[in-house]
Amino acid sequence: MRRPFVAGNWKMHGSKAMIHTLLTELVERAERLDSVDVAVCPPSVYIDYVKQTIGKSSIAVGGQNMADVAEQGAFTGEVTALMLKDVGCGYVIVGHSERRTLYGETDEQVANKVAIALAEGLTPILCVGETLQEREANITEQVVGSQMQAVLDKVGVKDFAKVVVAYEPVWAIGTGMTASPQQAQDVHAFIRGLVAKHDAAVAEGLIIQYGGSVKPENAKELFCQTDIDGGLIGGASLNAVDFLAICEAAGDACSK
């Protein structure tokens, strides 16, 4: 049985005061979440403060992005995977739709980041998903398949045993719109099936999160779907009550 995993992507939000308040409540209650893995991904400038604040809590920490080069050097504003590992990160989000659309990251760059993250001992949370126009054109599987295949070609299927995939329909991120449980399940099943064509055992163990306006009200129905193994949570992860409710929904979700 796959263990559910919920990660909070704080995006460009935060202050020391906000983080202290949020994490104080999360840490206090997260220890009772014994059937779900939980992580938070703050802006990079706050990673060390988050690590200090959570102490020995079971909550993991991840970065929101990393450079697509392994070595340090003249890349102003970037951080390497090794730097993230050095300050205590266990995860890093790669290929988020905002990075792809706002900053022009290509499938090849995302695949390179996955390879570097794995080489440095980080677990990449690989984001894939289609825009509204692509869904309406009925090319969701073509788009998601291309994004996945670029990484499979780069690292090979065996390394997907150390990767988390997050399906995030771009049209549902921060819009209040949410893919129906069946819509989400269909794409998750497609992703798992794509990996299974290369290695059935790796596919069976692959954690595939859903990301796209997940709220306490819809979390349980989403997470009960056969191939949905938790969530990559945006706005709701900034509210301790909502984020904990989503984590609890993942832990209580139907057996897979």
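In this predicted model, helix H11 is capped at its N-terminal end by Asn239. A side-chain oxygen of Asn239 lies 3.0 Å from the backbone nitrogen of Val241. The helix covers residues 240-252, 13 residues in total. At 1.5 Å a residue, H11 should span 18 Å, and its end C-alpha atoms are indeed 18 Å apart. Expected and modelled spans therefore agree.

Several residues of H11 are buried: Ala240, Phe243, Leu244, Ile246, Cys247, Ala249 and Ala250. An α-helix has 3.6 residues a turn, so residues three or four places apart point the same way. The cover over the buried residues of H11 includes three strands, E1, E2 (37-41) and E8 (230-233). Helices H1 (16-30) and H10 (216-223) also belong to this cover.

The largest nonpolar core holds 71 residues. Within this core, Leu126, Met148, Phe160, Val165 and Phe223 touch the most other members. H11 supplies the largest share of the core, seven residues. Leu126 has a long list of partners beyond four places in sequence. Val94, Arg100, Val110 and Val114 are among them. Met148, Val151 and Phe160 are also touched by Leu126. The list is completed by Val163, Val164, Val165 and Ala166. Another core, of 12 residues, lies apart from the largest one. Its members include Cys41, Tyr91, Ile93 and Ile207.

Aromatic pairing was searched for across the whole structure, and two pairs were found. Phe5 and Tyr91 form a stacked pair, with 4.7 Å centre to centre and 25 degrees between the planes. Phe5 belongs to strand E1 (residues 5-9) and Tyr91 to strand E4 (residues 91-94), so this pair ties together parts 86 residues apart in sequence. Both partners are buried: the relative accessible area of Phe5 is 3%, and that of Tyr91 is 16%.

The other pair joins Tyr167 and Tyr210. Their ring centres are 6.2 Å apart and their planes stand at 55 degrees, so the pair is tilted. Tyr167 lies in strand E6 (residues 164-167), whereas Tyr210 lies in strand E7 (residues 207-210). The tilted pair therefore ties together parts that are 43 residues apart in sequence. Tyr167 and Tyr210 are both buried. A further ring, that of Tyr103, has Arg99 over its face. Arg99 is 4.1 Å from the ring centre.

Two polar residues in helices are also buried. Arg192 is placed in helix H8 (residues 181-196). Its relative accessible area is 6%, under the 20% limit, so Arg192 counts as buried. A polar atom of the Arg192 side chain lies 2.7 Å from the backbone oxygen of Leu206. Beyond four places in sequence, Arg192 is in contact with Arg2, Ala203, Glu204 and Leu206. Ile208, Asp227 and Asp229 are further contacts of Arg192.

Asn218 is placed in helix H10, one of the elements that cover the buried residues of H11. The relative accessible area of Asn218 is 19%. The limit for a buried residue is under 20%, so Asn218 counts as buried. With neighbours within four places in sequence left aside, Asn218 is in contact with Thr178 and Ser213.

Methods. Residues numbered from 1 in each chain as written. Predicted model: local features only at pLDDT ≥ 70, side-chain atom pairs only at ≥ 80, totals over all residues. Heavy atoms only, no water. Phe/Tyr/Trp six-rings, centres within 6.5 Å; stacked < 30°, edge-to-face > 60°. Helix = DSSP H or I, 4+ residues; strand = E, 2+ residues; numbered from the N terminus. Buried < 20%, exposed > 50% of the residue type's maximum accessible area, 1.4 Å probe, protein only. Lys NZ or Arg CZ within 6 Å of the ring centre and 35° of its normal. Polar contact = N/O pair within 3.5 Å; in protein donor to acceptor, adjacent residues only side chain to side chain. Contact = heavy atoms within 4.5 Å. Expected span 1.5 Å × (residues − 1). Core = buried A, V, L, I, M, F, W, Y, C linked by side-chain atoms within 4.5 Å.
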